[in-house]
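Trainee: I'm meeting this model for the first time and would love a close look at one part of it. Could you walk me through a single helix and then show me some of what lies elsewhere?

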Amino acid sequence: MKISSQRLTRLSPLPQRAAPSRATPAIDRVEISERPTNISGWARAGVTLALMGAALGCLAGPATPGLIQAAPADAAKLSARYQKVDPKILQLLEKDGVTVSVVRPGQSFTATGVLPARSLADYQSEMGKMQATAKRVEAATAPYARGIARLQQNGGDSSQLQRERRMALLDSLPQDSLAVPYSIPSLAGLIRDSDGLHKLAQLQKLPKGTTLMAQLVGAKTPTQIQEYTQLVESINGTRLEQARQAALATATPAQQAAWSKDPGQIPLDLKGYDILVPDLAYVADGSGGSVRVNLLDASIHGAWADGNGKTVSNSSINGQYFSQSRKILVQSSRIGTPTSVHELGHAVEDAVSRHDPKFFGSWHSKLFTAYQRAAQSGTVSEYATSNVGEYIAEGVSHYYENPEVLRQKDSKLFELTQQLLERAGQLLQ
Ligand SMILES: [Zn+2]
């Protein structure tokens, strides 16, 4: 699995492919035992296993002791799976700092270290940038907002203008902005529920104000609610105030009295005022606390872990490559399946894109053409048609696991996978 579209290698043709080495030369074992002692416990366990396996003569010691960071039994299963993979490619990934870890139910997902946590200071230091985004959005959408208000006053149909305003809003958002519009469901805290705020408001019998917005992105403590609210206020400036005033103007005297004491309760027309929110969610860290992550990472967290931040066994995700941390996570129940090789495929693609952007560019445009054709006419698996990243990851796993099936079902993917793997194999200096 792969999330971002930016994220996401080989041997001579199969008949001439060298058999995977069954025994590690003695010199390798010496190098392993001479590794610095400050390596992690699991890595050390892996080294021990490699030495044990070599001593018993039943397991090949991995030539890439740093790649797999798992308990001995899991490491042995992964190593066995990776026997089919070109050792040069495993070495390249290891050199690049890629690691493969196994996730068991009940662990802290945060402790896997795959999602970058952010401090409040990170957001505060980006405030100027977020405010600039809000100003840009305001300038781009203001003419539409005026037109919509005029039409609504005259009883006209404003739906076309509302669609145009949304396009203008999206066009005016920089890619790297930490401020996102509340009205984008997949991002703005409505992560897996397009009407999350509405449902939360019904559930808690509270108006849709900033307090509920904070709760929807996981803020639980008064401090978190306060810090989130302050960020939303700082980003939107006078527009949030205007939205609040508009709500107060039509409120009953009792509502006005209650809301003026607690502005966080004032219901807001978030779309009408193009309110932006920080790209921030709070997720449980699995040990009673919580951490701040971005919204996309919060949705990843939600797929791997429960509300307490503990990894779940019934996750929809079998494995995932995280390009930022260069970590591969594999569910413990999937170690003995092609998933672990599929995830290597994502890592290989990522490595080649970094090491040789020129090769990657021309190769990837061919891949994309092949993917478009395959998405129509069928390929090696249903999952391969999800997107171009999954297409090549499925190519890599089938290339090693079931090459003849790949060649038969999608010869173009076979060829392109081979090109990628060959290039990756050459990259190891
Ligand atoms: Zn994948």
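Where does helix H6 (residues 127-153) bend, by about how many degrees, and which proline follows?

Mentor: Happy to! Helix H6 (residues 127-153) bends by about 45 degrees at Thr141, the bend being the angle between axes fitted to the seven residues ending at a residue and the seven starting there. A proline, Pro143, follows within four residues of that point.

Before going on, please keep in mind that this is a predicted model, where local features need pLDDT of at least 70, side-chain atom pairs count only at pLDDT 80 or more, and totals for chains, interfaces and linings use all residues. Residues are numbered from 1 along each chain as its sequence is written.

Back to H6. Its buried residues are Met130, Thr133, Ala134, Val137, Thr141, Tyr144 and Ile148, where buried means that 20 or more other C-beta atoms lie within 10 Å of a residue's own, exposed means 12 or fewer, and partly exposed is in between, with C-beta atoms placed from the backbone. When you read that list, it helps to know that an α-helix has 3.6 residues a turn, so residues three or four places apart point the same way. Notice that Thr141, the site of the bend, is itself among the buried residues. Just after H6, Gly155 takes a positive phi of about 75 degrees.

Now look at the neighbour. The axes of H6 and helix H7 (residues 159-171) come within 8 Å and cross at roughly 175 degrees; axes here are lines fitted to C-alpha atoms, for helices over the stretch in contact, and angles run from 0 to 180 degrees between N-to-C directions. That makes H6 roughly antiparallel to H7, since angles over 145 degrees count as roughly antiparallel, under 35 as roughly parallel, 65 to 115 as roughly perpendicular and the rest as oblique. On the H6 side, Val137, Ala140, Thr141, Tyr144, Ala145, Gly147, Ile148 and Leu151 take part. They meet Leu161, Gln162, Glu164, Arg165, Ala168, Leu169 and Asp171 in H7, a contact being two C-beta atoms, placed from the backbone, within 7 Å. So Thr141 turns up again, this time facing H7.

A second helix pair makes a nice contrast. Helix H4 (residues 87-95) and helix H14 (residues 339-355) have axes that come within 10 Å and cross at roughly 70 degrees. H4 and H14 are therefore roughly perpendicular to each other. Ile89, Leu92 and Leu93 of H4 make the contact with Ala347, Val348 and Ala351 of H14. The crossing is left-handed, a label for a near helix turned anticlockwise from the far one by less than a right angle, with clockwise giving right-handed.

From H4 you can step along to Gly97, which sits in the loop between H4 and strand S1 (99-103). Gly97 is exposed, with 11 other C-beta atoms within 10 Å. Its C-alpha atom is separated by 6.6 Å from that of Arg326, although the two are 229 residues apart along the chain. Arg326 lies in the loop between strand S6 (319-322) and strand S7 (327-331). With 17 C-beta neighbours inside 10 Å, Arg326 counts as partly exposed. Arg326 also has a positive phi of about 55 degrees although it is not a glycine.

Asp274 is another non-glycine with a positive phi, of about 50 degrees. You will find Asp274 in the loop between helix H12 (253-261) and strand S3 (276-278), and it is buried, with 26 other C-beta atoms within 10 Å.

Finally, the whole chain. It holds 18 helices and seven strands, all of them DSSP runs numbered from the N terminus (helices are H or I with at least four residues, strands E with at least two). Buried residues make up 41% of its 429 residues. The chain averages a pLDDT of 81, and 80% of the residues score at least 70; pLDDT is the predictor's confidence in each residue, from 0 to 100. Among the elements, helix H1 (residues 26-33) has the lowest mean pLDDT, 25, and helix H18 (residues 411-427) the highest, 97. Over residues 3-61 the pLDDT is below 50, and this stretch has 82 contacts in the model beyond near neighbours in sequence. Residues 184-194 also fall below 50, with 26 such contacts.
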